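User: Could you take a close look at a single helix for me and tell me how it is placed? I would also welcome a short tour of the surroundings afterwards.

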Amino acid sequence: MKEVVLIKVSGEDKPGVTASIMEILAQYGVNILDIGQAEIHDNLSLGILAELPSSSESAPVLKDVLFRSYELGMSVRFTPVSTEKYNNWVAAQGKPRHIITLLARKLTAEHIARVTEVVARYELNIDNISRLSGRIALEDDSQGANKASVEFSVRGYVDQAAMRAEFLQISSDLGVDIAMQADSPFRRNRRLVAFDMDSTLIEAEVIDELAIEAGVGDEVIAITESAMRGEIDFNESFKRRVALLKGLDESVLAQIAARLPVTEGAERLVSTLKKLGYKTAILSGGFQYFGQFLQNKLGIDYVHANELEIADGKVTGNVTGTIVNGERKALLLEEIAKSEGISLEQTIAVGDGANDLPMLSKAGLGIAFRAKPLVRQNAEQAISTLGLDGVLYLLGIRDRDDI
C-alpha cells in the first residue's frame with residue numbers, strides 16, 4: 001500500500017534546488033499530488049506532497065532526498081499524511097475561494113494581525129500569502145510615496161457582507177484599505193475600466209474651478225458638496241451650478257485645463273491598462289472639454305461628459321444634450337461594454353461621489369476611490385490610502401511585473 005508524505009525543504013534560495021529534489025523523486029517514479037514554493041528574503045520554502053511506495057520501500061527515496069538536501073545546504077522534513085486527512089483535503093477543493101487585498105503606505109504586524117484574526121474567526125483557510133508591492137526601503141518616506149500591498153488567498157464559505165463590514169471598520173481604525181473579491185475567472189479577465197473624472201482622475205472639481213474664476217466659488221462649492229453627499233438631486237444641482245457660470249470667458253477653460261492636477265498614480269494605471277489591452281473610459285458628470293483634454297493626455301479610449309454651451313466666446317449658463325448623471329453613467333458603461341463585446345462582469349468602475357454609485361454597482365468590480373463616507377459604505381471595494389494605481393493590486397498585478 002502506498003503512502004502520502006509531505007516533504008518540506010527550506011534554506012537559502014539558490015538555482016536548481018527544485019530541479020535537484022525532483023530528479024531524485026523522478027528516479028523512483030513518485031507521483032506528485034501537490035507542490036508549492038515561496039521565496040522570502042532570499043530564503044526558499046518548498047513543499048511537495050508526494051505519493052510514495054509502501055513504507056518498507058520508501059526508505060531509499062527519503063534517504064536520497066535527505067542526502068541531496070544536505071549537499072545543497074538545505075533542511076528537509078518528512079511528515080506522513082493519513083488517508084483520512086488527505087481525503088478531507090481533496091474534498092475541500094470545492095469550497096469557494098476569495099482574494100483579500102491589504103493596501104497601505106507601510107504594512108505593520110498589527111495590520112496583518114487584524115485581517116487574519118477576522119479570517120480565522122470566519123473559519124477560512126489561508127492557502128497563500130503574496131506580496132504585490134515592491135521592496136520597501138527602511139528610510140523614512142518623506143514624500144509619502146511608499147506603497148505596500150499583500151494578497152491573501154482564502155478558502156471556505158463566508159457571509160461576505162458581514163466580513164466586508166468588519167474589514168471596513170479595520171480600515172477606519174488603522175488607516176488601511178482591505179478589499180475582498182471572489183476568486184473567479186472574471187477577476188482575472190477584466191477588460192474595461194470606467195473612471196469618474198473630478199476628484200478621481202484629477203484632484204479637483206472642475207466646476208468649482210470655473211466658479212472661482214467666475215467669482216461665484218462659494219455658492220457653487222456649497223451646492224457641489226451637498227450633491228456629492230447625495231443630499232440633493234444631481235440634475236437640479238448641476239443646472240443651478242452651471243447657471244451661475246453665465247458670462248465666463250471661454251478662454252478660461254484652457255487655462256484651467258492646463259493646471260488640472262492629475263491624481264497620484266493615474267498615469268501609471270492607465271498606461272499599464274493600455275499595455276494589458278484594457279479599454280478605458282471617462283464617464284463624468286463634469287464637462288466634455290476637460291474630459292477630452294484628459295483623453296489626449298492619458299490615452300483614454302472613450303469620453304462621455306456634459307457639453308457646456310458657449311456662445312460668442314462666453315459661457316451661456318446652459319448645457320446641451322442629456323445630462324450625465326448617475327443613471328446615465330451606468331447606462332453608458334453598459335453600452336460601451338456591449339459595443340466592445342465585453343461582459344459587465346469584466347468591467348471595473350472607479351469613482352468618488354454619490355452619482356457614481358449606480359455604475360459602481362453595475363460593474364463587475366466597483367471601486368470607491370478616496371470617496372465620501374456614503375460611497376465607501378455602499379461600494380464593494382474602496383481605496384483611500386494609496387494613489388489610483390492601487391487599483392492594479394486589486395487586479396493581482398505586482399509592482400515587479402513592471403509592465
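Analyst: Happy to help, and the start of the helix is a good way in. Asn325 caps the N-terminal end of H12, with a side-chain oxygen 3.3 Å from the backbone nitrogen of Glu327. That pair fits the rule for a polar contact: N or O atoms within 3.5 Å, where, within protein, one must be able to donate a hydrogen and the other to accept it, and residues adjacent in sequence count only if both atoms are side-chain atoms.

A word on the ground rules. This is a predicted model, in which local features need pLDDT of at least 70 and side-chain atom pairs count only at pLDDT 80 or more, while totals for chains, interfaces and linings use all residues. Residues are numbered from 1 along each chain as its sequence is written, and side-chain values use heavy atoms, with hydrogens and water left out.

Now the helix itself. H12 covers residues 326–339 and has 14 residues; helices (H or I, at least four residues) and strands (E, at least two) are DSSP runs numbered from the N terminus. From its first C-alpha to its last H12 reaches 20 Å, close to the 20 Å expected at 1.5 Å a residue, where the expected span is 1.5 Å times one less than the number of residues.

Which residues of H12 are buried? They are Gly326, Lys329, Ala330, Leu332, Leu333, Ile336 and Ala337. Buried means under 20% relative accessible area, exposed over 50%, and partly exposed in between, using a 1.4 Å probe and protein chains only. These buried residues cover an arc of only 160 degrees around the axis, which puts them on the same side of H12; the arc is that of the directions from the helix axis to the C-beta atoms. On the other side of H12, Glu327, Lys338 and Ser339 are exposed. So Glu327, whose backbone nitrogen faces the cap from Asn325, is one of the exposed residues.

What covers the buried residues of H12? The cover includes strands E9 (192–195), E10 (279–287), E11 (302–311) and E13 (347–351), together with helix H13 (357–362). Contact here means heavy atoms within 4.5 Å. Just after H12, Gly341 takes a positive phi of about 70 degrees.

One of the covering strands, E11, leads to another positive phi. Asp312 lies in the loop between E11 and strand E12 (314–320), and its phi is near 55 degrees although Asp312 is a residue other than glycine. Asp312 is exposed, with a relative accessible area of 81%. Asp42 also has a positive phi, of about 65 degrees, and is not a glycine either. Asp42 sits in the loop between E2 and E3 and is partly exposed at 48% relative accessibility.

Finally, the wider setting of H12. The protein comes to 15 helices and 15 strands, and its C-alpha trace spans about 95 × 40 × 40 Å along the principal axes. Buried residues make up 47% of its 403 residues. Among contacts between residues at least 6 apart in sequence, 69% join residues at least 24 apart.
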